[in-house]
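Could you walk me through this protein model step by step? I am new to it and would like a friendly guide.

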Amino acid sequence: MTESPTDGHRGVSSLETIDVLLVDDNERWAAFTAEELERQEPSLRVELAFGANEALSALRETEHDCLVVDYRMPETNGIQLVERVRESRPELPVVLVTGEGSETVAARAIDAGVTDYLPKDPKIDQTPILAGKIRNAVERRALRRAIEDSEQRYRTVIEQSRDAIVILRDGLILFCNERFAEFTDSSVDDLVDTPFVEAFVHEADRERFRGIDREILTDGVHRVRLVTGDGTVAHCEYTGRELAYDGAPATMLSIRDVTAKRLKEVRHRRERNLNRHLQRALVASRTREELEDAVVTELADQGYDLVWFGTVVDRTLQPRVVAGDRRYVDEVELSLERTEHECEPSVWAARTGTAQVISDLEALFPADWRELALERGFRAAIALPVGYEDVVYGVLTAYRSGPDSIDDAEREFLRDLAATVGYAIHHMDARKALTADHGVEARIELQDGAHYLSEIAAFAGVETSEPELVVHSTYSNGDGEVVQYVTLRGGSTERFRDVAADHPIVQDVVPVRRAEADSFQFTVDGPTPESTLAPFNARVRSTQVTADRAVLRIELPSRENLDALVERLEDRYGRVSVLSLVEREWTDRDGTLAVDTSALTEKQAVALEAAYRHGYFEQPRRSSATDIANVLGVSHSTYLQHLRAAQQKVFEAFYCD
């Protein structure tokens, strides 16, 4: 919730945004209500939860201003959810919505601490009523908070410091404020005449504390470990000064607990160390299996009780690498077919494609996976999809025994790690696809003229001849544009060029100087079907295009990504058919050796392809380096630099072990 920069109680009535969590297992009703609330009341921002556990998790992750909960849910009812929420958020405004208007339900709702109550009436639009109840509940809470804040400021002024204050004489406590009393779990009166060092200074720091003379004490900030009332050790910083207390000299200490700061420093050192080890693993790993094992092992060594990486096979998340206490992974149900909104964090992440964080499993309602995790001593969990662009390779999941032990900084670090691992797996798969001696060859058809070249072919055709186009290769030029080499078979060359130049996504059409066919270099603004397949490590050998269809001949290292590849094409281009799918031995097909070109940059790949297509390597040359540089829109020297670097890398890949 945000407020306008006003003073006094005006800020209560000037709320700019109110964050609402709407909980209802009826997804259609919930989505409709959320949309109507935000439309009718622009200050409301509504997040949805479709189950009690999902709601508890959302409330732990986000500071919502109001909870709207339906009474009837399959795993529990709204009042039980409110009772659980009240344990940690007693001040949170709650509006209960129910189709049961009995007095018994209303009485239970009031006892549970519900702020307001709305009986459902399907005959009328109750959205304005609900919006008004939400705003009224939040404004009342804001007013109470303003009053409490005012009282707290008054108390702070009375105590004169936000630090713990202790006044000592001859080692005994003469006076302390409430903050120090809370720190020691005692009362102010009980602490008077208590020996400070013996009672509260950690044994290992006592000699050093007594050795600080008055001059050093009043100069700068010092550190000491104090023992709190529950026996835990707190890292503290303190300053001191001499004063007169009741007419006699005394020493006043101002003490601040910096345990969280120290722990953060330790955590940052650990994360830097972890990051250094993981970077080494990324560089040293030669296979995907080595990479996954290195990442999982390193995270386990750095303080996680269980870490594992799994992939989805037949709608079940199957572990590939596990480090730590793996009994939980062996016992838990990891099917993606389970209840949609009440599932294990790793399955949840696999299903939704988003990171899932559980700060404290104890705070959730019972579930089979939760009970297993608690039995193994786990209290916090994080599950992160690992992928590149829209391709998901698996889920990285980690568990810890301490509740709230995965803070925001660590979550961000792990998200970055998951993204880095996803990119590394993509790169390894791409290298494997380029150098593999076997794989899958597929012919995939786009129908209904979905390819942009189909549109060009349709307009370029005449009654006596319908052109056919062949796309030989596709590259990104590094400027957000796609470069394609296209051969025209049949039809009028002049008409084809004119129609292509007028197409809205075609930026440039340049003839390629080859004797055997009419060939062109296209520069296209936006994705093409061929460039769409790049994240799937699919090698598009060629595309045959006519006015009504396009057939892509592609090579894949395995069938693993085929379904996701087809789904991506269907999302963007409509109906797709797999015409054929065969296993192939690439070296048996033509007797040639595969050369790894994955080390080429995009600009180097474009430079090498342009040299080949424009006849730079032929004798006599059909195009000079200057000609090709002009076509690509770069200087002569820049083009030769990219071309020579590309040639050197290809030769190294061909001749070096």
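Valine 197 sits in helix H8, which covers residues 196–200. Is valine 197 buried or exposed? With a relative accessible area of 8%, valine 197 counts as buried, because the cut-off for that label is under 20%. Setting aside the neighbours within four places in sequence, valine 197 is in contact with Arg206, Phe209 and Arg210. You can also look for leucine 172, which is 25 residues away from valine 197 in sequence, with 8.5 Å between the two C-alpha atoms. Please keep in mind along the way that this is a predicted model.

Now step back to the whole chain. The protein chain has 657 residues, and 46% of them count as buried. Its secondary structure comprises 24 helices and 24 strands. Among the contacts with a separation of 6 or more, 60% are made by residues 24 or more positions apart. On the outside, the chain exposes about 33300 Å², and carbon and sulfur atoms supply 47% of that area.

Next, let us go inside. In soluble globular proteins, nonpolar side chains tend to be buried together. Here the largest nonpolar core has 63 residues, and those that touch the most other members are Leu299, Leu396, Ile444, Leu453, Ile456, Phe522 and Leu565. Helix H16, residues 408–435, gives this core its largest share, eight residues. Apart from this core lies another one, of 50 residues, which includes Met73, Val82, Val114 and Val395.

Leucine 396 is a good place to pause. Which residues does leucine 396 contact, leaving aside its neighbours within four places in sequence? They are Val295, Val296, Leu299, Val307, Trp308, Phe309, Ile382, Ala383, Leu384, Val386 and Leu417.

Leucine 417, the last residue in that list, takes us back to helix H16, where it has its place. At 8% relative accessibility, leucine 417 counts as buried. Its C-alpha atom is separated by 9.8 Å from that of glutamine 279, and the two residues are 138 residues apart along the chain. Valine 421 is also found in helix H16. Valine 421 is buried, with a relative accessible area of 4%. Beyond its neighbours within four places in sequence, valine 421 is in contact with Leu291, Val295 and Val386. Between valine 421 and arginine 288 there are 9.5 Å, C-alpha to C-alpha, and the two are 133 residues apart in sequence.

Helix H2, residues 52–61, offers another covered stretch: eight of its 10 residues are buried. Those eight are Ala52, Asn53, Glu54, Ala55, Leu56, Ser57, Ala58 and Leu59.

From buried residues we turn to open space. Rolling a probe the size of a water molecule over the atoms shows where empty space is left. The second largest pocket has a volume of about 800 Å³. It is lined by 24 residues, and the closest to its centre are Val312, Asp390, Val392, Asn561 and Ala564. Which elements give two or more residues to this lining? They are strand S12 (306–313), helix H14 (345–352), strand S16 (391–400) and helix H20 (562–573). The largest share, six residues, comes from H20. By type, the lining residues of this pocket divide into 12 nonpolar, four polar and eight charged.

Just as instructive are some residues on the outside. Most residues other than glycine have a negative phi. Aspartate 314, however, has a positive phi of about 55 degrees although it is not a glycine. Aspartate 314 lies in the loop between S12 and strand S13 (316–324). With a relative accessible area of 71%, aspartate 314 is exposed, because that label applies over 50%. Aspartate 448 also has a positive phi, near 60 degrees, and is a residue other than glycine. Its place is the loop between strand S17 (438–447) and helix H17 (452–460). Aspartate 448 counts as exposed, at 58% relative accessibility.

Our final stop is helix H15, residues 368–375, where glutamate 375 lies. Is glutamate 375 buried or exposed? At 58% relative accessibility, glutamate 375 counts as exposed. Tyrosine 328 is 47 residues from glutamate 375 along the chain, and their C-alpha atoms are separated by 8.8 Å.

Terms used: Residues numbered from 1 in each chain as written. Predicted model: local features only at pLDDT ≥ 70, side-chain atom pairs only at ≥ 80, totals over all residues. Heavy atoms only, no water. Helix = DSSP H or I, 4+ residues; strand = E, 2+ residues; numbered from the N terminus. Buried < 20%, exposed > 50% of the residue type's maximum accessible area, 1.4 Å probe, protein only. Contact = heavy atoms within 4.5 Å. Areas by Shrake-Rupley, 256 points an atom, 1.4 Å probe, with all protein chains shown as cover. Core = buried A, V, L, I, M, F, W, Y, C linked by side-chain atoms within 4.5 Å. 1 Å grid on protein atoms, 1.4 Å probe; cavity = no way out; pocket = protein on both sides within 12 Å on 5 of 7 lines; lining within 4 Å. Points joined across faces, edges and corners; volume = space filled by probe spheres on them. Nonpolar A, V, L, I, M, F, W, Y, C, P; charged D, E, K, R; others polar.
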